[in-house]
Amino acid sequence: MHWSKQTHLSFTRDETAQKIWQFLVPEEALSHKFLMHGLLAISALELASHGDDVSRPLYIKTAVIHQNVALGEFQALMSQINRDNAKAIFAFSSILVVYSFGVLHLENTAPSMTMEDLYQVLMLCRGVERLIASSQSAIHDSNFSSILYFTQVEYPWLLSDDCQFALHQLHGANIMAKSADHNSEMYQEAIDTLGEALNESIQDHIPSNLVSRWAIKLPRAFLECLRKREPMAMVILSFFCVVLHRLKGVWYFRGWGTNFVKLIWQTLAPEWKVLVHWSVMEVLGKIPGC
């Protein structure tokens, strides 16, 4: 019931997509138990996000149980996509990304969320994108087909002067740091995708898939640098925390921007912290210790 009333909205971008997620996805779940468990897991997780201290642990426990059951069957099917299971795999793949963001936030507090957590979720976004792409040919002629098509939006450039100045500083620091151990071209690509994401995050309607699309566009090498906590990668991530913070109204992103910008500030050496003043102020409203 909660899926039909509320949780399906976490996956919709327009009226057509809403009808698919609200009605056709549960219908598909009647034939695929792993998808049904996925719907129950994500619905329980959203209920946990609104619950009190008594109900939240119970909903989280329920969500984890259903998700573990779903993953067992889902993983066995990942290499066996066909016309019978493609729609269910497509739907569960999308659920998997939302679940991963939501469960980390709800199970952990700021000190417990690590850079490895974020790295794993961003890698999951990339893996799910490949999985969804492999199921598309089987979905084209189905009642899910319209969910594959959407108009690419051209967003007006709305970045503030202080944001553009901060990005300019970031560009300059990347050029100055160029060396055999610093891949300026790779970081330049990451900074370019960052500017686009920041611009989308201040439009009237922020697309909830903005985070996963950023993860998909990023160079794989950047994610490895992030995993190693290389300073330039951490600085770029601090800027993306502004995007995450602007998405805090989306239940599964709540707390991510604040938690990670604090972690980044604690991690960076003083000579790098000057580059993140803008992003830290945007998220926290002040510079820690000042």
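Two exercises follow on how the two domains of this predicted model meet.

Local features require pLDDT of at least 70 and side-chain atom pairs count only at pLDDT 80 or more, while totals for chains, interfaces and linings use all residues. Residues are numbered from 1 along each chain as its sequence is written, and side-chain values use heavy atoms, with hydrogens and water left out.

**Exercise 1.** Determine how much area is buried between domain 1 and domain 2, and which three residues of domain 1 supply the most of its share.

*Solution.* Begin with the bounds, which come from an automatic or database domain assignment: domain 1 spans 2–148 and domain 2 spans 161–284. Buried area, the accessible area (1.4 Å probe) that two parts lose on being put together, summed over both, amounts here to about 2,500 Å², with carbon and sulfur atoms giving 72% of that value. On the side of domain 1, Met115, Tyr119 and Arg126 supply 29% of the area buried against domain 2, more than any other three residues.

**Exercise 2.** Find which side chains form the salt bridge between the domains, and which helix gives the largest share of the side of domain 1 that touches domain 2.

*Solution.* Apply the salt-bridge rule (a side-chain nitrogen of Lys or Arg within 4 Å of a carboxyl oxygen of Asp or Glu); the count between domain 1 and domain 2 is one. Glu116 and Arg227 meet through their side chains in a salt bridge, at 3.1 Å from N to O. Next, take helices as DSSP runs (H or I, at least four residues), numbered from the N terminus: helix 3 (33–50), helix 5 (86–107) and helix 6 (115–139) each give two or more residues to this side, and helix 6 provides the largest share, 11 residues.
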